[in-house]
Amino acid sequence: MRDVTIGEELTGLRGSLPGCEVVAFADLSTGMVLASSTSSRHAQEKLDALCDAGRDALSGPLAQDVSRAFGIDDAVVFQMAFLGDERGIMCFVRARRPAEEALCFVLSPDAPLEGLQCLAVAMLSRLASEA
Amino acid sequence: MRDDRSDDTARFMQAIAAFSDEPEPVGELGRKIADHPDAAVSAILSEIDETVLRRNLTFVAQSGEMVQIDVAERRVFRVLAIPMDWRDAFAPLVGVDCSGRQGAELMQLFMMFAETASPIYVSADLPDRCKTAGFMGVTLRELRDVYTDLKALSGLPAPLAIALGSLLSHTTASCIVSSGRVLHTSGDEAFQAALRSVCQTVSLETQAQPVVRLWQGGLPQDVAALAATSGDVTLALAVSNEAMISAYAKLRRAFAPDAGAP
């Protein structure tokens with residue numbers, strides 16, 4: 001039996017999340033998208049922009065201000081971040097440190113979010129153990 | 001206890017004094033309790049305050065719309081009926097046993113009814129099943145505490161105030177700022193200072209449309225931080241990890257109502 005590719009794993013993950021349009025596996029330290037699964041064709045530039053949005057949401061200036069407000073000086077603290085408006089929701093879940101990978105999601109405005117974090121964390125753990 | 005005895009004495013004296021008042025007229029819709037919205041909420045709470053034995057209280061507007069609640073021992077146990085058009089907004093509240101957790105939603109129902117239904121009349125009936133009242137329900141004190149909090153939101157657009165009101169009772173701490181002025185803070189005092197700072201920072205982010213954010217992982221007491229800005233209103237919350245997804249969904253409905261609900 002052939003091994004499942006990362007792309008196929010991401011497609012399986014996207015299929016298990018109602019309303020999920022994009023799942024990207026990215027390296028936050030380099031800003032590179034390593035693999036992705038999308039419901040429709042997406043230019044690489046859009047996937048790169050999604051990765052940049054994830055870096056900003058998890059550890060950018062606003063995230064750092066928020067963590068400092070709570071008395072946390074560590075610049076990289078958040079494991080998950082959401083950014084939602086009327087057009088949809090972007091969700092970012094990072095792997096356990098010191099790993100720098102993360103899963104970036106684009107979901108429709110009415111997509112349910114329950115279970116997303118558990119599935120994402122499980123996949124990141126699996127990908128890390130296979131690396 | 002001393003406080004209970006003095007409360008009971010005050011109620012007893014009020015009841016005695018009421019005998020010498022002019023009798024209140026009772027019409028087809030019941031006894032009129034308020035002519036204006038400003039007095040209506042207090043009147044509704046007074047009716048609950050005066051209901052010790054189990055009763056169904058029916059509050060009716062001139063237009064015929066009504067809210068019916070099951071009350072005993074000065075506590076609200078169930079919402080039995082609400083206007084049909086409000087079913088979507090208050091569906092989780094109708095027909096279920098209430099506890100303190102429903103205090104904010106219950107108070108919002110009363111405030112909305114008071115706003116739209118003056119004058120208001122009340123009638124009281126024996127419930128169909130006169131079972132012994134339980135120990136749950138929403139107490140009058142809980143309702144009055146929530147009313148105080150919700151009045152602080154009165155400067156906000158009504159749909160936003162109503163949505164935020166139901167959210168605030170399930171947070172560890174909250175802060176709402178409007179036009180640079182702190183409208184409301186609540187909860188853990190250590191988090192209130194952090195959330196005021198978050199409000200200040202988030203309000204500087206310029207966005208074409210309302211944005212709702214969440215950050216989770218590594219914060220004290222395992223809370224998640226949420227923030228949203230719409231126009232000149234900025235809100236920041238600290239919620240438990242268990243409550244963060246439902247809080248985020250409610251916040252999106254409050255700040256981006258056209259985005260649809262999960």
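This report walks through a few helices, ring pairs and salt bridges in a predicted model.

## Helix α4 of chain B

Let's start with helix α4 of chain B, which covers residues 103–116. Does the helix have the length you'd expect, or what does the check say? At 1.5 Å a residue, its 14 residues should span 20 Å, and the end C-alpha atoms are indeed 20 Å apart, so the two values agree.

Most of this helix is covered up, with 10 of the 14 residues buried. Among them are G103(B), A104(B), E105(B) and L106(B) near the head of the list, along with F110(B), F113(B) and A114(B). Keep F113(B) in mind, because at a relative accessible area of 1% it counts as buried, and it turns up again among the rings.

## A ring cluster in chain B

Counting over all chains, the structure has 5 aromatic pairs. One of them joins W86(B) and F90(B): the ring centres are 6.3 Å apart and the planes sit at 50 degrees, so this pair is tilted. W86(B) also pairs with F113(B), again with centres 6.3 Å apart, but here the planes are at 80 degrees, so the pair is edge-to-face. That second pair links distant parts of the chain, since W86(B) is in the loop between β5 (75–81) and α3 (87–90) while F113(B) is in helix α4, 27 residues apart.

Put together, the ring pairs make a cluster of W86(B), F90(B) and F113(B). Are these rings buried or exposed? W86(B) is buried, at 9% relative accessible area. F90(B) is buried too, at 4%, and F113(B) is buried at 1%.

## R54(B) and its two partners

R54(B) has a couple of things going on. Its charged end sits over the ring of F77(B), 5.3 Å from the ring's centre. R54(B) also makes a salt bridge with D70(B), where the closest N and O atoms are 2.6 Å apart. R54(B) lies in the loop between α2 (37–49) and β3 (55–61) of chain B, and D70(B) lies in strand β4 (residues 66–72), so the bridge ties together parts 16 residues apart in sequence.

Charged or not, both ends of this bridge are tucked away: R54(B) is buried with a relative accessible area of 13%, and D70(B) is buried with 7%.

## Salt bridges in chain A

Over all chains there are 12 salt bridges. In chain A, R126(A) bridges to E9(A), with the closest N and O atoms 3.0 Å apart. R126(A) belongs to helix α4 (residues 116–130) and E9(A) to helix α1 (residues 6–15), so this pair ties together parts of chain A that are 117 residues apart in sequence. R126(A) is partly exposed at 36% relative accessible area, while E9(A) counts as buried at 13%.

Another bridge in chain A connects R87(A) with D85(A), at 2.6 Å from N to O. Here R87(A) is exposed, with a relative accessible area of 64%, whereas D85(A) is buried at 10%.

## A nonpolar patch on the surface

Back in chain B, which residues form a nonpolar patch on the surface? They are F12(B), M13(B) and I16(B), and together they have about 320 Å² of accessible area. F12(B) is part of helix α1 (residues 2–18) of chain B. With a relative accessible area of 53%, F12(B) passes the 50% cut-off and so counts as exposed.

Terms used. Residues numbered from 1 in each chain as written. Chains lettered and ligands numbered in written order. Predicted model: local features only at pLDDT ≥ 70, side-chain atom pairs only at ≥ 80, totals over all residues. Heavy atoms only, no water. Helix = DSSP H or I, 4+ residues; strand = E, 2+ residues; numbered from the N terminus. Expected span 1.5 Å × (residues − 1). Buried < 20%, exposed > 50% of the residue type's maximum accessible area, 1.4 Å probe, protein only. Patch = residues over 30% accessible without salt bridge, like charges linked within 9 Å, V, L, I, M, F, W, Y side chains within 5 Å. Areas by Shrake-Rupley, 256 points an atom, 1.4 Å probe, with all protein chains shown as cover. Salt bridge = Lys/Arg side-chain N within 4 Å of Asp/Glu carboxyl O. Phe/Tyr/Trp six-rings, centres within 6.5 Å; stacked < 30°, edge-to-face > 60°. Lys NZ or Arg CZ within 6 Å of the ring centre and 35° of its normal.
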